[in-house]
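Visitor: Please show me the structure. I should like to ask how its descriptive terms are justified.

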Amino acid sequence: MPELPEVETVRRGLEGFVTGALIRDVEVRRDSCVRLTPGGADEFRGRLLGARIVGAARRGKFLWLPLGAEDALSAHLGMSGQFRVHAVPADAAPEPHPHCRARFTLEREGQELTLDFLDQRTFGYLHVEDLVPTPDSLPGGQGADLAAVPVSVAHIGRDALDPAVTPELAARLWRRGTRGIKQVLLDQTRVSGIGNIYADEALWLARIHPERPADALTARQARELFDAVRAVMERALAQGGTSFDALYVNVNGESGYFARDLEAYGRAGQPCARCGTPIVREVIGQRSTHWCPQCQRRPRRYAQRRGPVSR
DNA sequence: AGTAGCACCTGATTGC
DNA sequence: TGCAATCAGGTGCTAC
């Protein structure tokens, strides 16, 4: 569920809480939340005990806590993952929530802290892995944390708020292939961080039909789409992200407020804020997709591609 | 190489 | 009331 603005909200919350902390204890409450680790929960715990967290980093929706320059505690929130912080020792913290998959006891400046990883749908996961330099690392970087990424993140493209991604670069990455642009926006190997909500919102803002073939986008449309992605994400970030329910909250358990500003996502049947035409919803590429049939027209010449496929 | 389809889960909501 | 079907913010693997 969480997309870039939500994951960044979590990252910021973690950064202030865990930076400089020593990992004193690791309680894995559900083994399957530890993935990509041959030795499972035991290895996970073994590599973390005594390690010091030096920051909190993110690329797209992938999050990691570097343990120095060599390795990191990596996390992906999947559809429902959360981190929750308690500035008290574990024995004074609330009983773990039924969805709590792992509990960490940290020590920082002589204080014991408790960090919980919750995940209702269990698509999220944790692991410890090496940091590797990536070919597109920013020279000089934005601090040591960004000069390298975890192995599991190396195949992910730079994200939509990364200063190294220019509108021209995004246009080049997106205007390839014949799939609809909505599906291409969700492809994390191109420009990462965009999920189902912000894809629909950005396409609405840029007035582009979600099924327009990626290679039929003009360079100008692609640049406008990138501007739209950034605008939507920056506004969402300023409001702490989008919360529909308790499945997305920040590290303090608080909701984000961007849901009230959504113009397309989840608004099927309601009037478009620009023209009043009811927003439509249709499943495209197995994802629920929302758009204004008036503002986001499918050009006739491309509409033919939707016709019956001969086989 | 690029793309489509499905698998991985739990829980809330909807419909019969 | 009960039960089944449907839906949900994501990723990655397999097979074409």
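Visitor: What makes the surface near DNA strand B, by class, polar, nonpolar or charged?

Guide: The model is predicted: local features need pLDDT of at least 70, side-chain atom pairs count only at pLDDT 80 or more, while totals for chains, interfaces and linings use all residues; side-chain values use heavy atoms, without hydrogens or water. Residues are numbered from 1 along each chain as its sequence is written, chains are lettered from A and ligands numbered from 1 in the order in which they are written. The surface near DNA strand B has seven polar, four charged and one nonpolar residues. Ala, Val, Leu, Ile, Met, Phe, Trp, Tyr, Cys and Pro count as nonpolar, Asp, Glu, Lys and Arg as charged, and the others, Gly among them, as polar.

Visitor: Which residues surround DNA strand B?

Guide: They are R30, H99, Q120, R121, T122, F123, G177, T178, R179, Q183, R190 and Q286. A residue is near a strand or molecule if one of its heavy atoms lies within 4 Å of it. Of the atoms of DNA strand B that come within 4 Å of the protein, sugar and phosphate account for 54%.

Visitor: What makes the approach of H99 to DNA strand B a polar contact?

Guide: An N or O atom in the side chain of H99 is 3.2 Å from a phosphate oxygen of DNA strand B. A polar contact is a pair of N or O atoms within 3.5 Å; within protein, one must be able to donate a hydrogen and the other to accept it, and residues adjacent in sequence count only if both atoms are side-chain atoms. The value for H99 therefore satisfies the distance limit. A polar backbone atom of T178 lies 2.6 Å from a phosphate oxygen of the strand, whereas a backbone N or O atom of R121 is 3.2 Å from a base oxygen.

Visitor: Why is H209 called buried or exposed?

Guide: Buried means under 20% relative accessible area, exposed over 50%, and partly exposed in between, with a 1.4 Å probe and protein chains only. H209 has 3%, so it is buried. H209 belongs to the loop between α5 (196-206) and α6; helices (H or I, at least four residues) and strands (E, at least two) are DSSP runs numbered from the N terminus. The side chain of H209 reaches the backbone nitrogen of E211 at 2.9 Å. Beyond neighbours within four places in sequence, H209 is in contact (heavy atoms within 4.5 Å) with I181, W291, Q296, R297 and R298.

Visitor: And how do you know whether A246 is buried or exposed?

Guide: A246 has a relative accessible area of 61%, so it is exposed. A246 is located in the loop between α6 and β10 (280-284).

Visitor: How do you know where the buried residues of α2 lie around its axis?

Guide: In helix α2 (residues 40-48), the buried residues are G40, A41, F44 and L48. They fall within an arc of 110° seen down the axis, so they line one face of the helix; the arc is that of the directions from the helix axis to the C-beta atoms. On the other side of α2, D42 and G46 are exposed.

Visitor: What makes the pair of F83 and F117 stacked, tilted or edge-to-face?

Guide: Rings of Phe, Tyr and Trp (its six-membered ring) pair if their centres lie within 6.5 Å; planes under 30 degrees apart count as stacked, over 60 as edge-to-face and the rest as tilted. The search of the whole structure finds five aromatic pairs. For F83 and F117 the centres are 5.3 Å apart and the planes at 50°, so the pair is tilted.
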